[in-house]
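Visitor: I have a structure to go through before lunch. Can you walk me through it?

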2 protein chains.
Amino acid sequence: MTTAPERTADLYPTRGTEEVLIERKDPVVWSEPGTPGPIEADDLAGFERDGFLAIDQLITPDEVSVFHGELERLINDPTMRADDRSIVEPRSQEIRTIFEVHKISELFAKLAADPRVVGRARQILGSDVYVHQSRINVKPGFGASGFYWHSDFETWHAEDGLPNMRTVSVSIALTKNYDTNGGLMIMPGSHKTFLGCEGATPKDNYKRSLQMQDAGIPSNETLTSLAADYGIRLFTGEAGSATWFDCNAMHGSGDNITPFPRSNVFIVFNSVENPAVEPFAAPVRRPEYIGARDFTPVK
Amino acid sequence: MTTAPERTADLYPTRGTEEVLIERKDPVVWSEPGTPGPIEADDLAGFERDGFLAIDQLITPDEVSVFHGELERLINDPTMRADDRSIVEPRSQEIRTIFEVHKISELFAKLAADPRVVGRARQILGSDVYVHQSRINVKPGFGASGFYWHSDFETWHAEDGLPNMRTVSVSIALTKNYDTNGGLMIMPGSHKTFLGCEGATPKDNYKRSLQMQDAGIPSNETLTSLAADYGIRLFTGEAGSATWFDCNAMHGSGDNITPFPRSNVFIVFNSVENPAVEPFAAPVRRPEYIGARDFTPVK
């Protein structure tokens with residue numbers, strides 16, 4: 001007799017025959033109240049309530065120079081252009097995104113392990129954490145597209161197999177975010193409801209979804225209702241500022257017709273107690289440079 | 001012997017073989033200092049300096065309801081759908097713009113002739129004024145495109161034959177302009193330099209340019225320099241707020257992925273002392289519903 005392997009329960013069904021709204025079944029802040037860490041109690045309460053925490057200066061201007069220089073070095077490196085982990089814009093042939101930068105670059109590895117960074121992630125997730133995804137993004141001006149509304153968790157659950165909402169992202173600005181150049185927009189409070197989307201996941205969806213979303217798109221009706229309930233917050237700030245946001249926060253960005261480019265480094269931390277299993281709603285796993293399978297904690 | 005008709009000098013050459021920057025040869029404010037009018041002296045000085053004047057409440061909330069109702073009536077009127085003056089979005093088959101609304105609608109005609117509206121136009125232009133163009137715009141959310149950087153005067157000079165910079169626009173918001181739903185952006189001070197663009201005007205350019213610009217587009221280099229010199233101001237405000245802006249202000253708008261639609265009424269006043277002549281840089285005139293040839297002053 002063979003016993004079938006235990007299958008992790010799907011708390012957040014998505015990509016079925018219809019859109020569904022499900023109350024969040026997981027905490028937002030996982031650490032015990034009063035656990036020491038770099039986030040003040042008020043800010044942690046704000047993160048729990050809103051699903052985000054904006055930091056005016058996470059890294060210093062000198063550090064911004066160093067990391068921006070490293071970003072420039074990587075996107076201009078001919079060997080990176082041939083690397084699967086680089087996303088090249090067809091028209092300009094320029095690199096727009098490089099995944100797994102914490103493995104490619106010692107400097108970005110150190111940034112991920114910096115107590116200001118990983119310390120906040122541990123405090124929010126209440127455990128050791130590993131990097132589920134990291135990337136640098138270069139968004140030029142003069143008409144670069146934005147990214148439509150989505151919950152990251154919806155994708156990470158459906159396509160990467162993260163079982164619970166115990167994942168947090170930080171976006172560190174390496175250029176100034178104006179109110180005009182296509183910055184991050186979040187619906188505050190939206191992280192407390194899971195939006196299971198309609199429609200099956202195409203095979204190799206990830207290749208297309210880096211440019212344009214085909215699956216995991218909320219309906220106009222639901223976005224209207226969420227925006228009416230929660231409003232929309234636009235994040236602005238100097239280079240060196242950062243936005244922490246919950247994995248299930250509904251977010252997106254507009255296009256950027258200004259001449260002001262936007263570059264950032266984006267790191268996703270997942271709790272070691274929430275490792276990826278098989279995808280919940282996709283035929284195949286995404287590549288490991290997009291959804292990690294190495295759960296070694298950041299030390 | 002036949003004497004050739006006098007040809008109006010072209011003070012602002014454009015659409016030639018290269019981009020040129022020309023210092024503005026016309027005043028911004030044409031009325032004598034101290035001429036009575038609805039604009040306070042400080043605000044008029046600000047308009048001269050910046051090229052725009054934002055009014056928190058040009059029309060009351062009750063009036064907003066009336067004009068928004070009239071807009072809804074027009075865009076849902078089947079006879080308007082068949083009218084050349086209506087611009088219908090191919091995908092949704094919905095009306096996005098109706099030109100010449102001051103001739104189509106008594107209510108919008110009254111708005112154009114309202115002392116709060118035409119009075120400000122006369123004060124800026126220092127003469128009687130006529131409507132060079134009017135339109136209502138309906139920009140839905142969920143991904144509606146914006147409009148790339150341009151100077152209106154560049155087009156009105158090249159394609160409609162306005163000789164001098166003696167023209168002013170007012171955009172009256174009929175819905176709230178958030179910082180997130182693709183509002184108007186202006187480079188303050190940019191109105192003092194004329195940017196003659198590179199490239200000839202295709203015939204029937206206007207039919208395409210309502211959707212996408214092919215001519216009259218500034219180069220990336222010049223936009224970068226202008227934005228560095230002047231910065232970029234995003235206009236937000238309640239329904240009923242208004243932005244007056246000079247005909248040569250460099251402006252544009254981003255896309256709108258929010259669920260918040262944007263509707264406005266847009267009226268362009270030209271001085272009766274600056275009537276349209278033949279186009280300065282286009283093979284044919286645009287239709288009169290886009291660039292008026294009836295110079296009867298608004299009374």
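Guide: We can take the chain contact, the symmetry, a sheet and the salt bridges in turn. Bear in mind that this is a predicted model.

Visitor: Fine. How many residues of chain A are in contact with chain B?

Guide: 22 residues of chain A, and they meet 22 residues of chain B.

Visitor: And what is the area buried between chain A and chain B?

Guide: About 1,800 Å², with carbon and sulfur atoms giving 72% of that.

Visitor: How many salt bridges cross that interface?

Guide: The rule finds 0 between chain A and chain B. Polar contacts do turn up there: 3 residue pairs, both partners at pLDDT 80 or more.

Visitor: Which elements of chain A supply at least two residues of the side that touches chain B?

Guide: β6 (147-151), α9 (220-230) and β12 (250-253) of chain A. The largest share comes from α9(A), with 4 residues.

Visitor: How do the residues on that side of chain A divide into nonpolar, polar and charged?

Guide: There are 12 nonpolar, 8 polar and 2 charged residues on the side of chain A that touches chain B.

Visitor: Symmetry next. What turn lays chain A on chain B?

Guide: A turn of 180°, with a shift of 0.0 Å along the axis and an RMSD of 0.0 Å. The two copies are therefore related as by a two-fold rotation axis.

Visitor: Which residue of chain A comes closest to the rotation axis?

Guide: Asp255(A), whose C-alpha is at 3.0 Å. The same surface serves both copies, as 100% of the contact residues of chain A recur in chain B.

Visitor: Now the sheet. What is the order of its 4 strands in chain A?

Guide: β6-β12-β8-β10, an open sheet with antiparallel pairing. β6 and β10 (233-234) of chain A are the edge strands, each pairing on one side only. β6(A) is also one of the elements with at least two residues on the side that touches chain B.

Visitor: Over how many bridges do β8 and β10 of chain A pair?

Guide: Over 2 bridges, in the antiparallel sense; β8(A) covers residues 184-186. Ile186(A) has Arg233(A), in β10(A), as its bridge partner.

Visitor: Back to salt bridges. How many are there over all chains?

Guide: The search of the whole structure finds 38. Glu63(A) and Arg116(A) form a salt bridge through their side chains, at 2.7 Å from N to O.

Visitor: Where do Glu63(A) and Arg116(A) lie?

Guide: Glu63(A) is in helix α2 (residues 61-75) and Arg116(A) in helix α6 (residues 115-125), both of chain A, so the pair ties together parts 53 residues apart in sequence.

Methods
Residues numbered from 1 in each chain as written. Chains lettered and ligands numbered in written order. Predicted model: local features only at pLDDT ≥ 70, side-chain atom pairs only at ≥ 80, totals over all residues. Heavy atoms only, no water. Contact = heavy atoms within 4.5 Å. Buried area = accessible area lost by both parts, 1.4 Å probe. Salt bridge = Lys/Arg side-chain N within 4 Å of Asp/Glu carboxyl O. Polar contact = N/O pair within 3.5 Å; in protein donor to acceptor, adjacent residues only side chain to side chain. Nonpolar A, V, L, I, M, F, W, Y, C, P; charged D, E, K, R; others polar. Least-squares fit on C-alpha atoms with pLDDT ≥ 70 in both. Pairing = 2+ DSSP bridges.
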